[in-house]
Protein chains: 4
Amino acid sequence: MAIPRSAYPAPFNTTRASHVVLTVGDLGASRAFYCDALGFVISDEDGGALYLRGIEEACHHSLVLKRSGEAPVCERIGLRAYTEDDLDRAQHYFERADLPASFVDAPHQGRTLHVCDVVGTPLEFCASMAVRPRLVVQFREHRGACPQRIDHFQVLAPDVQAACAFYCGLGFRLSEFIAPDGTDDLMFVFLQRKGNPHDIVFASGAGPRLHHAAFSVPDAAHILHACDMAGSCGFGANLEYGPGRHGPGHALFAYFRDPDGHRLELFNTHYQVMDIENEPVRWNLSAMRQRSWGLPPRRKWYQEASRFLDVEPREPAHKANPMTLEKFLAEEG
Amino acid sequence: MAIPRSAYPAPFNTTRASHVVLTVGDLGASRAFYCDALGFVISDEDGGALYLRGIEEACHHSLVLKRSGEAPVCERIGLRAYTEDDLDRAQHYFERADLPASFVDAPHQGRTLHVCDVVGTPLEFCASMAVRPRLVVQFREHRGACPQRIDHFQVLAPDVQAACAFYCGLGFRLSEFIAPDGTDDLMFVFLQRKGNPHDIVFASGAGPRLHHAAFSVPDAAHILHACDMAGSCGFGANLEYGPGRHGPGHALFAYFRDPDGHRLELFNTHYQVMDIENEPVRWNLSAMRQRSWGLPPRRKWYQEASRFLDVEPREPAHKANPMTLEKFLAEEG
Amino acid sequence: MAIPRSAYPAPFNTTRASHVVLTVGDLGASRAFYCDALGFVISDEDGGALYLRGIEEACHHSLVLKRSGEAPVCERIGLRAYTEDDLDRAQHYFERADLPASFVDAPHQGRTLHVCDVVGTPLEFCASMAVRPRLVVQFREHRGACPQRIDHFQVLAPDVQAACAFYCGLGFRLSEFIAPDGTDDLMFVFLQRKGNPHDIVFASGAGPRLHHAAFSVPDAAHILHACDMAGSCGFGANLEYGPGRHGPGHALFAYFRDPDGHRLELFNTHYQVMDIENEPVRWNLSAMRQRSWGLPPRRKWYQEASRFLDVEPREPAHKANPMTLEKFLAEEG
Amino acid sequence: MAIPRSAYPAPFNTTRASHVVLTVGDLGASRAFYCDALGFVISDEDGGALYLRGIEEACHHSLVLKRSGEAPVCERIGLRAYTEDDLDRAQHYFERADLPASFVDAPHQGRTLHVCDVVGTPLEFCASMAVRPRLVVQFREHRGACPQRIDHFQVLAPDVQAACAFYCGLGFRLSEFIAPDGTDDLMFVFLQRKGNPHDIVFASGAGPRLHHAAFSVPDAAHILHACDMAGSCGFGANLEYGPGRHGPGHALFAYFRDPDGHRLELFNTHYQVMDIENEPVRWNLSAMRQRSWGLPPRRKWYQEASRFLDVEPREPAHKANPMTLEKFLAEEG
């Protein structure tokens, strides 16, 4: 199979990963975890929802937690379009692609377009949000890991090749990918718009399911401080993987499960990728095994992920791509 | 005076601050300072020039040091256009604006377009460079401050308003600016394309002259480590200002003079700014005085800057904007 | 003049710098500075006094702030004797040396012995204090600089030679000293009992006056975070010197003035010195000038110091040692 | 069983953990691991041995690696006596206790006394070493984890109670200990002379065997940098446990195996413990389970340890204390 090419110019201007909407059972428990231990900032709490942002974010929210009596799910992944015109172009583009797209009202956001991507991931695009003060240097307000901002999502999907082609069609660039030695079967793709390695990552697995949302932290030491604060606040056992250093993407990371089982990655070490000559970086199985360092994750890191609301996961069916994330990484471990 | 508006879409796609070309008297002394003490990576040394990059940069160079028998100058500031088509559109755009623009050959770069901006700053645009390995996780190769990548330039110019209007016309966005209380006279403008506060900054003063080029470092502690390495390598007296915390831009910073007197800023603490609702942040004189913390710079930080090759600096002439950077910041100090 | 020799075994066992007692005008302002901004922990507030400790200290207090209507002074410097027997031996030793020593009651301390040292510094020795929980890993309670523990005092004194001889007679070891080139006139002596470079430092100047009390912080980055928190809490202008790196002692430091003008050093980078073969390290004037790095302090850092209660400072009189700290360091600056 | 009391005054003055002597198969491999990756400083390489020290140590060595054709072992653990007189008092003390003690020549050390402790651990005491420059601020010489100095040893022993009583008899103080709920059976004892939690630690297990030697690093971030450098130098798989946060002792830690299988702990977060009122801190099984955070170690961390030269390990025999370290910690895991 071939590596898809990015559309340039893009059919409409998507700028970045924007936010994620999760349902939870107990907003108080969520606040203890996300705010008291990890340092997310509360923008609003209304209508049974908690709207959180990172310390440097001027946008109203990057993490929405909605109280629900049902099993916890991810409602939607949010992406930013640059202008209102881009939203209209997006709707037009999706409808031509037979993907029903409709505008809805979402609190604290501008016009919001709902659509599912080609593998069934529920998305929402907006071009603006209410503005809140950036707390970059309001050090009195900093807590825990000092999460700066949302960086990316990772989604498990049964057809990574299709997902990659879809997002490249929207103008996303492929920064890195994993394929088994000797093939071009995409198992893991890092796709980006904002000029660093990832806005959205797809990994082969039963899905679509949300594996994690990732937030950046200022310094390497904040990864340790996040763990220390989690321990200090009674969430030490929520650490599921790390601290460790990724091979692909190079991030220093720690993964936590929140009180409802949603997974969060805190990481450090970005790199900038915005030049035309930057080709996608290929990692094969043996290179993956040269992972820098780190103890193996707890088993459920491979196995568990958040379901999307009303979306039944499908197993990978593509004959040429039978390995799931779990099998793949288990070999690596 | 009014705040200029950004052209959208841009007449051509400039993506980021790319590189700076400086002349120096002794490449060995430059290498001792930039590489041994501060940790820049050598991409090539040929034809009397040293080509340096930061540890995460895949581009061939972000800092070019050319040996010269003359007084040290800045030859040019480099910006990146995204594609070769963007370069052609740029040439067309500049010529319509009566700014002569011509393609030249520049080592290790693709087609390179030379032009001077509206205040006389010599620029060069290219759309690609030779590729070198990113050393993000090649920790054995890391030294000193571990400069990651070039981030921005600061230029002293006699007409900041004109400079701001020119770059906004190219699609740059104004992220922050300083104006005296009660006026809109721009004294200090932060202009950006890549989604953080600055690619190029203009400050009011005799110019155009290059005040500094700025490189980001991974963690706050690297600012201290840069100072320690400078001290350890005999460059302790080259520290001119800092460590301290800026008001505008929020950066934690340290400024050094290189052996030829060119000024370098190492800094930490970015924030992402890429949403349509992000209005330019205004700082007035009294707000500037609420600088977070830091001892005053050495006096020459206000007074000295690198001249551009064959460009005679002009004093600020605009009646409504008589204060230079020096006077302005001296009041603040 | 000769370098004094340490008494071994000591006449009584002094273990470490223990605490300092300062008077202040407004306990609320002191709390805002020491606790909210810098992160000291409150052990008690009673009887018009605030008892503070560092995050790792199990002792009740290392910093006592007493409300007073008079000009702020330092009441006493506290040292620890190891056992009650050591206190009795101390009293006996001082009385034989014609230094009146008497036991007093001091809140939250065991039996407390008051005495003045040979240059007139008011001291108090105790062998125990009330015990409080160490907060080393109570990360939820950490704030600001996270001061760990008291480390040392610096006292200006008119006769450094006499002070050095006195403390060496108590079994203190001289770890480092400064003397002008070509002489053994002691201008600056680092004296220690606890196995790192200093418990008490004497510098030549009008005195005795308390130049500063010093507290250690966990990581280099906490020095920056202390500055950021000071700035964030409105105490940015209280930074008087630093961040910088000392020559003698090697510390990474920042000096702050508290709301009453008492000076505090926060520092990092200890070294262990407890072996018999470790000779005192001599720094002469020219070596001092090779200070690693750092901008000059504000002028008052040289000139101002806290007076001790009811102690009139005397000017240095020793003919062979005419330079005061101010002159000495001004030459260095 | 009762907690032993510390002898005061001590029969002779032991000041600190001093050094460890290990045999290895290939000095080149050892140097790549200890020096290139982790940053130990070479003091000498002679007579088939590599003498290493930490960056702040003025003593000639804290880690001696001797080339050997046999299976790797620990030859001896080194402790410091303060003076030559203390060495003589030590010999007298041991002989009265029926522990044969004899002086030997050891390179780069003063007179050296060999003796085995009550559980059979081979010790050597010396009162001085050759002096080398401290490299605290020679930042150009810093590499990897920047190990500062040796801090402590951990020994597995079949009778922890006996070991504890023996070292308390030498004047060591018990800072922390682990005992099963409801008993005083000592399973894990932290013993110290130098004023922080440990110089030597004993844990219940087949022994005596050396579980690890521990070196402190300056900042929390150096723990991560040690892992990164290990990964970057091909030793990523040598990370056996961590980064994580201990319960007892509070250290932030990472454990590595060297190329011969000897175990090294790098850690951060000391606390000072030198006051008479500091009682030993008791941890019971359930408290141990409240370990702050961290993924489980690799299994061999529980099972493997370095044998001492010519010492056959014995299984714990004490009826009241049947749990080995492995069983104990496995329950905790």
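Buried means under 20% relative accessible area. I work with a predicted model throughout.

**Entry 1. Helix H3 of chain D**

I started with helix H3 of chain D, which spans residues 160-169. How many of its 10 residues are buried? I find seven, and I note the helix as mostly covered. The buried residues of H3(D) are Val160(D), Gln161(D), Ala163(D) and Cys164(D), followed by Phe166(D), Tyr167(D) and Cys168(D).

I then looked at both ends of the helix. At the start of H3(D), a side-chain oxygen of Asp159(D) comes to within 3.3 Å of the backbone nitrogen of Gln161(D). Gln161(D) is itself among the buried residues of H3(D). Just after H3(D), I noted a positive phi of about 100 degrees at Gly171(D).

**Entry 2. His19 of chain D**

Next I looked up His19(D), which is in strand E1 (residues 14-24) of chain D. Is His19(D) buried or exposed? I log His19(D) as buried, because its relative accessibility is 0%.

I checked which polar partners the side chain has. The side chain of His19(D) makes a polar contact of 2.7 Å with the side chain of Ser18(D). A polar contact of 3.2 Å joins the His19(D) side chain to that of Gln109(D). Gln109(D) also appears in the list of residues that His19(D) touches, which leaves out residues up to four places away in sequence. I copy the rest of that list here: His61(D), Ser62(D), Leu63(D), Arg76(D), Ile77(D), Gly78(D), Glu124(D), Cys126(D), Met129(D), Ile150(D) and Phe153(D).

**Entry 3. Arg263 of chain B**

I moved to Arg263(B), in strand E16 (residues 263-268) of chain B. Its relative accessible area is 5%, so I count Arg263(B) as buried; the cut-off is 20%.

Which backbone oxygen lies 2.9 Å from a polar atom of the Arg263(B) side chain? I find that of His211(B). The backbone oxygen of Lys300(B) lies 3.2 Å from a polar atom of the Arg263(B) side chain.

I also compared sequence and space. Arg263(B) and His212(B) are 51 residues apart in sequence, while their C-alpha atoms are 4.8 Å apart. Setting aside neighbours within four places in sequence, I list the contacts of Arg263(B) as His211(B), His212(B), Ala213(B), Glu240(B), Tyr255(B), Phe256(B), Arg257(B), Lys300(B), Trp301(B), Glu304(B) and Ala305(B).

**Entry 4. Chain A against chain B**

I turned to the contacts between chains. Chain A and chain B each put 38 residues into their contact. The area buried between chain A and chain B is about 3,400 Å², and carbon and sulfur atoms give 52% of it.

How many salt bridges are there between chain A and chain B? I count six. One that I looked up joins Arg80(B) to Asp275(A), with the closest N and O atoms 3.3 Å apart. The number of residue pairs in polar contact across the interface of chain A and chain B is 22. On the side of chain A that touches chain B, I sort the residues into 16 nonpolar, 10 polar and 12 charged.

I then superposed the copies. A turn of 180 degrees with a shift of 0.0 Å along the axis lays chain A on chain B, with an RMSD of 0.0 Å. That is why I write down a two-fold axis here. Asp219(A) has the C-alpha nearest the axis in chain A, at 2.4 Å from it. I find that 100% of the interface residues of chain A are interface residues in chain B too, so the copies meet through the same surface.

**Entry 5. Chain A against chain C**

I repeated the lookup for chain C. The contact of chain A and chain C takes 10 residues from each chain. About 920 Å² is buried between chain A and chain C, with carbon and sulfur atoms giving 62%. Within chain A, the residues losing the most area to chain C are Phe139(A), Arg140(A) and Ser232(A), which together make up 56% of what that side buries.

I find zero salt bridges across the interface of chain A and chain C. The polar contacts there come to four residue pairs. Which element gives the most to the side of chain A that touches chain C? I note helix H4 of chain A (residues 220-232), with four residues. By class, this side of chain A holds four nonpolar, three polar and three charged residues.

For the superposition of chain A on chain C, I again record a turn of 180 degrees, a shift of 0.0 Å along the axis and an RMSD of 0.0 Å. Of the contact residues of chain A, 100% recur in chain C, and I note that the same surface serves both copies.

How values were computed: Residues are numbered from 1 along each chain as its sequence is written. Chains are lettered from A and ligands numbered from 1 in the order in which they are written. This is a predicted model: local features need pLDDT of at least 70, side-chain atom pairs count only at pLDDT 80 or more; totals for chains, interfaces and linings use all residues. Side-chain values use heavy atoms; hydrogens and water are left out. Contact means heavy atoms within 4.5 Å. Buried area is the accessible area (1.4 Å probe) that two parts lose on being put together, summed over both. A salt bridge is a side-chain nitrogen of Lys or Arg within 4 Å of a carboxyl oxygen of Asp or Glu. A polar contact is a pair of N or O atoms within 3.5 Å; within protein, one must be able to donate a hydrogen and the other to accept it, and residues adjacent in sequence count only if both atoms are side-chain atoms. Helices (H or I, at least four residues) and strands (E, at least two) are DSSP runs, numbered from the N terminus. Ala, Val, Leu, Ile, Met, Phe, Trp, Tyr, Cys and Pro count as nonpolar, Asp, Glu, Lys and Arg as charged, and the others, Gly among them, as polar. Copies are superposed by least squares on the C-alpha atoms of residues with pLDDT of at least 70 in both. Buried means under 20% relative accessible area, exposed over 50%, partly exposed in between (1.4 Å probe, protein chains only).
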